[in-house]
Amino acid sequence: MVIIQRLLVAIGLIAAATAFTVPTAHAQPAATKVENTIEIRCAFTILRQSSDWYFPAGNPKALLWLQHGFASANDSVDETARKFSAQGFLVFAPTLPTANIFGCTVENLANNTDFLHNVADLFGKSADPGDKLGRSFADAKKKAGRPDLALPNAKVFAGHSAAGEAVPYVTQVLREDYAAAFGSVRGLILFDPVKSFLGNNLSSSLNHLSNTTLPILAVSAPPYGCNRNGNGTEELIEQISRPFLGVRLTSGSHIDVEASSAPAPDKINCGTPQAKNVSALHTLATAWAGDFVTGSATADYYPGGTYYEAQRSAGIIQTLP
């Protein structure tokens, strides 16, 4: 990845010339959240799934697809969606099924590849206002009182847990079948990705994407039962050979991305997210996503940068692997 390679070469000079200060947090305007539905093909049927849209105060810098994980729903990523929207992203957060007789699920339980092709189709045809994503957006912007807003061309994809597998797979489908749409994807963020028990969706898609310059970064928790002993993060490390792949939260929980939106069963099963980990996850992920869109690398949020090194010195993060 050219951006990160250049950063790592120059970062020592930047760090030496910069006072060791943690960036000051600034109040951000609240997002406008709209709830509606999105149509997704499933075998010979059409699913009408819950979809949440989060509108930033001004013109959005990009569309950010934020996908929840296994046995969850879009409400579980509400806080993180609002953080991205406060940084200027138009956030699209759909609910994808956990169980479906036709295999139309976020995790690969019974060969979900056809379904993920249909999810890719949403973004592959996003330039058509009359297609599925365009219709959902048109309804949402009307409800939000933003009728003149255009759907951004630039896209960032982010997925948690099982969606940390689904998102790279969908991205690789775009690369194969929708070249123009793939060209609009600026980067991927994987929140503690988990590899499915079945199939090779994650390894195959990451292997193919490793041949591109598309940024792919992760925020992971230590290996334990809830992330299947970190199998998704290990797959990322094995398949993507780049100078920087993201961070591990040293005392993190699998559901840190759910933050205060985490349902009680998730906290009971996987551990309640700690404020210090949630803060680091939000700060790094929103900064990286912004850099994906601008094609830059803000030094504070990578190895050698002031914020990054403060978090590492405090024992909050470790650099992958």
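Here are four short exercises with worked solutions on side-chain contacts in this predicted model.

**Exercise 1. Find the salt-bridge partners of Asp-121, and decide for each residue whether it is buried or partly exposed.**

Solution.
- Step 1: Start with Lys-125, which forms a salt bridge with Asp-121; the closest N and O atoms are 3.3 Å apart.
- Step 2: Asp-121 also forms a salt bridge with Lys-132, and here the closest N and O atoms are 2.8 Å apart. This pair links distant parts of the chain, with Asp-121 in helix H3 (residues 113-124) and Lys-132 in helix H4 (residues 132-143), 11 residues apart.
- Step 3: Buried means under 20% relative accessible area. Asp-121 has 1% relative accessibility, so Asp-121 counts as buried. Lys-132 is buried too, because its relative accessible area is 11%. Lys-125, at 34%, counts as partly exposed.

**Exercise 2. Work out how Glu-309 and Arg-312 are placed along helix H11.**

Solution.
- Step 1: The two side chains meet in a salt bridge, 2.6 Å from N to O.
- Step 2: Glu-309 and Arg-312 are 3 residues apart in helix H11 (residues 306-313), so about one helical turn separates them.
- Step 3: Now check accessibility. Glu-309 is buried at 17%, whereas Arg-312 is partly exposed at 35%.
- Step 4: Place the pair in the wider picture: the count comes to 14 salt bridges.

**Exercise 3. Classify the ring pair of Phe-44 and Phe-102.**

Solution.
- Step 1: A pair of aromatic rings is described by the distance of the centres and the angle of the planes.
- Step 2: The structure holds 14 aromatic pairs. For Phe-44 and Phe-102, the centres are 5.0 Å apart and the planes meet at 70°, so the pair is edge-to-face.
- Step 3: Phe-44 lies in the loop between strand E1 (32-42) and strand E2 (45-55), and Phe-102 in the loop between strand E4 (89-94) and H3, so the pair ties together parts that are 58 residues apart in sequence.
- Step 4: Phe-44 counts as exposed at 70% relative accessibility, while Phe-102 counts as partly exposed at 36%.

**Exercise 4. Do the same for Trp-65 and Phe-123, then find their cluster.**

Solution.
- Step 1: The ring centres of Trp-65 and Phe-123 are 4.8 Å apart and the planes are at 35°, so this pair is tilted.
- Step 2: Trp-65 lies in strand E3 (residues 62-67) and Phe-123 in helix H3, so parts 58 residues apart in sequence are tied together.
- Step 3: Trp-65 is buried at 1%, and Phe-123 is buried at 0%.
- Step 4: Ring pairs link both residues into a cluster with Trp-53, Phe-55, Phe-92, Phe-137 and Phe-157.

Conventions. Residues numbered from 1 in each chain as written. Predicted model: local features only at pLDDT ≥ 70, side-chain atom pairs only at ≥ 80, totals over all residues. Heavy atoms only, no water. Salt bridge = Lys/Arg side-chain N within 4 Å of Asp/Glu carboxyl O. Buried < 20%, exposed > 50% of the residue type's maximum accessible area, 1.4 Å probe, protein only. Helix = DSSP H or I, 4+ residues; strand = E, 2+ residues; numbered from the N terminus. Phe/Tyr/Trp six-rings, centres within 6.5 Å; stacked < 30°, edge-to-face > 60°.
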